[in-house]
Amino acid sequence: MRCKRAFIDSLNLSGEHFEAMFIYHEDYSVEVVKSKSVFEPSRWRDAFGRKLTQNIIDARIVHTYLGVKLPLKTFAATPNRQTLEFAGLHGYNEHSRLLVQTLNELKSQSAFTLVTRVDIAIDYKGMIPKKIIKKLSQTRKPKQVRHTTYWKTIKEGKTNRMMDIKIYSKKEKEKLDYPLMRLEFVFKSEYLKKLYFKDLETVFKKMEKSIKRATGLNVKIEDIDFSRTRA
């Protein structure tokens, strides 16, 4: 049976002492933008293009020697853990390659950190096939938020702790010269069930079944291609 390739675009890793990997390493520096004594929300917006939300009680920017900036967040719900975000691993620009390289360099130290979010990207040159939209429409309704269409179940509220489904244009986000639409599945902590980073591949089959159930699409999730770290 023919399968559509799917890729990991984003990862959130959660650990108790994440910052310790960076503060004594010459290749990294940590900038505090929100703490009990510091509040610099404009620095966060400049770095990542979004606002600091109220549920983030501590926020830091990890600056790497490659020029990559990583969000390091502490959420109110988990005050003893820091969450490090790698967003845009499967992109079409140099930043994506450098982000993969950064993750590759940190993967051994991060082996026993928890994966709290995985974004799976399925890209189409042109429009998303009508049969996928038809299948989504059987159990979900579209909700437009700016340039992104979220597909929500009737019972689903504003937030979903298990899984989000969304569609958006990559052409606009990455300024491509050809049309590219992305179907994205966001798998969250309640779905991942205390998954360690070293065991990430073990959840691929479960994800593939969830994607099949929602869209009718047979996919094969590819592990992160660390060979892309070569320039």
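**Exercise 1.** Which side chains meet in a salt bridge at 3.3 Å, N to O, and involve Asp 9?

*Solution.* The model is predicted: local features need pLDDT of at least 70, side-chain atom pairs count only at pLDDT 80 or more, and totals for chains, interfaces and linings use all residues. Residues are numbered from 1 along each chain as its sequence is written, and side-chain values use heavy atoms, with hydrogens and water left out.

Step 1. Apply the criterion: a side-chain nitrogen of Lys or Arg within 4 Å of a carboxyl oxygen of Asp or Glu. The partner of Asp 9 is Arg 182.

Step 2. Place the pair. Asp 9 is in strand β1 (residues 4–15) and Arg 182 in strand β10 (residues 181–188), 173 residues apart. Strands are DSSP runs of E, at least two residues, and helices runs of H or I, at least four, numbered from the N terminus.

Step 3. Check burial. Both residues are buried, that is, under 20% relative accessible area with a 1.4 Å probe, protein chains only; exposed is over 50%, partly exposed in between.

**Exercise 2.** Extend the network from Arg 182.

*Solution.* Step 1. Arg 182 also bridges to Glu 184, at 4.0 Å between the closest N and O atoms.

Step 2. Glu 184 pairs with Lys 166 at 3.5 Å, N to O. Lys 166 and Glu 184 are both buried.

Step 3. Shared partners join Asp 9, Asp 123, Lys 166, Arg 182 and Glu 184 into one network.

**Exercise 3.** Which residues of α7 are buried, and which are exposed on the other side?

*Solution.* Step 1. Buried: Phe 204, Met 207, Glu 208, Ser 210, Ile 211, Ala 214 and Thr 215.

Step 2. Exposed on the other side: Lys 205, Lys 209 and Arg 213.
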